[in-house]
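Please look at the aromatic side chains of the model below, and at the charged groups that accompany some of them. The paragraphs that follow take these contacts in turn.

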Amino acid sequence: MDLDAITAARRDEWSRLDELSRTRRLTGPEVDELVTRYRAASADLADIKSSAGRTPQGDVVSTLLARTRLRLTGVRENVLRQLPRFFVLQLPAALYRVRWTTLVVGVVFVLIATLFAAWISNDPAALASLGAQSQLQNLADEQFVAYYRENPNSIFAATVWTNNAWISAQAVIFGITGIWPVYQLVLNAMNVGVTAAIMAAFDRIDVFFQFILPHGLLELTCIFVAIAAGLHIFWSWIAPGRRTRIEALAAEGRSLATVAVGLVFALALSGVVEGFVTPREWPWQVKVAIGAAALGVFLLYMLVVGRRAVRLGETGDLTEYEAGTPTLVAG
């Protein structure tokens, strides 16, 4: 088969099919014409593949047919039918993809916080620079605990939930910069380390862990996941592989924006623990156990359900209908 000849002979027909597939509203006769031209182009593609294998001309027709097929058969799903796919496949797959980066972020966070805590608690000058002795004493003895108890449980839970959800969303959205996620990592680790140093300086480090761990186990893990997702988005345009930078960034952005949405729900659970468990005068072992159980549920979802979703071919990205037919390039 002469590919140039068939391209010249069918160019107008393919162009008309392309025009119809992009038309927003079709009349009855136009729909019939679209179906007819779709069948004809399918036969052309079969001829091209059987005689010449994969060719640039074939890729063009294949892309055109894919878009037309979605126009003919791609009916947008009801939201209630999309939700199961989101929570069972898309979200856990996106979380699973960033698992190792999340672990690295968590280790770096602990190292930075520990270094700050060790430095400040063992350096009187550094400790004094944080405030007057009386102020620091008051923070260790009263303010630290009062922070969790001074507001009604429901209001406090909602406040920390929205604040943490906003922090996580920023880490993902501004991850493209590569700077903002790192800034959040260092800033949050430094704040935790400084607070721990003050509590340790006044022999209240046990209180620090008793009030941080119940909700912090899940809360900090969610922040680590958000930072990891942001860094993945940044890396997608630094090292796009065989895709163009725009294509890599778009795909990774769509996939990992899912994380920002999913973390809203995980942080809601963390907020409930922080608002209704952390302030209670229960044995600290009970409160930490509840926090550990909340973290366990999240990790089970991220690692077990996520692993299954990835094995099924999910990446967290939108479906072809939702994202649009990918552009094929030769070479």
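Lys-287 lies over the face of Phe-211, at 4.4 Å from the ring centre, in a model that, it should be said at once, is predicted. Phe-211 also belongs to a cluster linked by ring pairs, whose other members are Phe-144, Tyr-147, Tyr-148, Phe-156, Phe-208 and Phe-209. A charged side chain is likewise placed over a ring at Tyr-96, where Arg-99 lies over the face at 3.8 Å from the ring centre.

Turning to ring pairs in general, a search of the whole structure finds 15 aromatic pairs. One of these is formed by Phe-87 and Phe-265, whose rings meet edge-to-face, with 5.4 Å from centre to centre and 80 degrees between the planes. This pair links distant parts of the chain, since Phe-87 belongs to helix 4 (residues 79–97) and Phe-265 to helix 11 (residues 245–276), 178 residues apart. Phe-87 has a relative accessibility of 30% and therefore counts as partly exposed, while Phe-265 is also classed as partly exposed because its relative accessible area is 48%, and the exposed class begins only over 50%.

Phe-174 and Trp-180 form another edge-to-face pair, in which the centres are 6.1 Å apart and the planes are at 80 degrees; the pair still qualifies because ring centres need only lie within 6.5 Å. Phe-174, at 37% relative accessibility, counts as partly exposed, and Trp-180 is partly exposed as well, with a relative accessible area of 29%.

How values were computed:
Residues numbered from 1 in each chain as written. Predicted model: local features only at pLDDT ≥ 70, side-chain atom pairs only at ≥ 80, totals over all residues. Heavy atoms only, no water. Phe/Tyr/Trp six-rings, centres within 6.5 Å; stacked < 30°, edge-to-face > 60°. Helix = DSSP H or I, 4+ residues; strand = E, 2+ residues; numbered from the N terminus. Buried < 20%, exposed > 50% of the residue type's maximum accessible area, 1.4 Å probe, protein only. Lys NZ or Arg CZ within 6 Å of the ring centre and 35° of its normal.
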